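Visitor: Before we look at the coordinates, could you take me through the reasoning behind each term as it comes up?

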Amino acid sequence: MKRRKFIQNTSLSSFGIVAGATVIGCKENSDTAKTSSVPKEKDTVVKTTIPIVIATWNVHDSTAKAWKVLEQGKSSLDAIEQGCMVEEANAEGQSVGIGGLPDRDGNVTLDACIMNKEGNYGAVVYMQNIKHAISVARKVMEDTPHVILAGKGAEQFAVSKGFKKENLLTDASKKAWEKWKKTSQYKPVINIENHDTIGMLAIDKNGDISGGCTTSGLSYKMAGRVGDSPIIGSGLFVDNEVGAATATGLGEEVLKTVGSFLIVELMRQGMSPQKACEEAIGRIVGKNQNYEHFQVGYIAINKKGETGAYSIHDGFYVTTYVNDKNESTKPVFFNKKG
Ligand code: SD4
């Protein structure tokens, strides 16, 4: 493993972002450099403190809840679960939990996963009628010898654990689906198709990292389609010795490049979270001429509490709660031509 030294060449923003830090004493890793189309910019180190929680999109209520849990001295795993539950219970959010936009047949199907400091992982895929997919994922992790439960099996397991069945298709989402059916255009719309799918990463006061990801997936997807969000290494990966990463956007592209695992492995080799996110986006755009037509965004955090975020297009947000401040910011993005 190469050691890197960072000069933290600081220009602190209100919530602790250091932009433009210079990397010295390190060469670009030649393997990753070859496959990346991302312009080689100076590395960026985002310096912060712990505890911390960061999440994809504008999810202030969720990050505020997670922060509260962290402030109470509880584990990052509890913070992740309780933070994600806030958005899952928000019927107005149309990409997570209740109110999620359905598949093309009108069924709301949820994907979620959670990962703890021991590297344990639990997930549900294609689960219907239970809004707190993140909590069912945690139960899969803690109460079964398995890591993924799908569809009816996941639902039955949830009911056996006391989760309530309910109709997740709200009037607003039904209306949107009925409107969509008139044209049945099956193509992802950048930043609109699934706004607010949550990928959340947290470090607690003990320095332990956990992560979670919860979504109703791509709207109007084919029945049975599962995205990246509940798949270990793609939508989420946590290694408590190194850091964690999570994804949002067109899941198929994240799956094909195992993006979150890639980011954590790049951080293990010494890359900052920011640079690692850029490399993972580079892996996608470098292989895909069609990148102008879809969005993928990553966020990452390392053991020190430094964060990174990068997306293909403008319009992606990252919400950070640290030092009693809860803010959403737009990260830098690849396709500056827009
Ligand atoms: C999926 N990655 O199912 C999810 C959707 C998403 O922001 O994250 N949208 O492909």
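Guide: This is a predicted model, and a good place to start is the ligand, since the space it takes is the largest cavity.

Visitor: What makes the space taken by the ligand a cavity?

Guide: The word cavity applies to grid points where a 1.4 Å probe fits but cannot get out, and a molecule sits there if more than half of its atoms lie within 2 Å of those points; the space taken by the ligand is the largest cavity.

Visitor: Which residues come nearest to the ligand?

Guide: Twelve residues are around the ligand, and Arg225, Asp228, Thr248, Gly249 and Gly251 come nearest.

Visitor: Why is the pair between the ligand and Thr248 called a polar contact?

Guide: An oxygen atom of the ligand is 2.5 Å from an N or O atom in the side chain of Thr248, and the cut-off for such a pair is 3.5 Å, so the pair qualifies. By that cut-off the side chain of Thr197 also qualifies, because one of its N or O atoms is 3.4 Å from a nitrogen atom of the ligand. At Gly249 the partner is a backbone N or O atom, which lies 2.7 Å from a nitrogen atom of the ligand. Of the 290 Å² of accessible area that the ligand has on its own, the protein covers 99%.

Visitor: How many residues of the protein chain count as buried?

Guide: Buried means under 20% relative accessible area, and 58% of the 338 residues of the protein chain count as such. The protein chain exposes about 13900 Å², of which carbon and sulfur atoms supply 51%.

Key: Residues numbered from 1 in each chain as written. Predicted model: local features only at pLDDT ≥ 70, side-chain atom pairs only at ≥ 80, totals over all residues. Heavy atoms only, no water. Buried < 20%, exposed > 50% of the residue type's maximum accessible area, 1.4 Å probe, protein only. Areas by Shrake-Rupley, 256 points an atom, 1.4 Å probe, with all protein chains shown as cover. Near = heavy atom within 4 Å. Polar contact = N/O pair within 3.5 Å; in protein donor to acceptor, adjacent residues only side chain to side chain. 1 Å grid on protein atoms, 1.4 Å probe; cavity = no way out; pocket = protein on both sides within 12 Å on 5 of 7 lines; lining within 4 Å.
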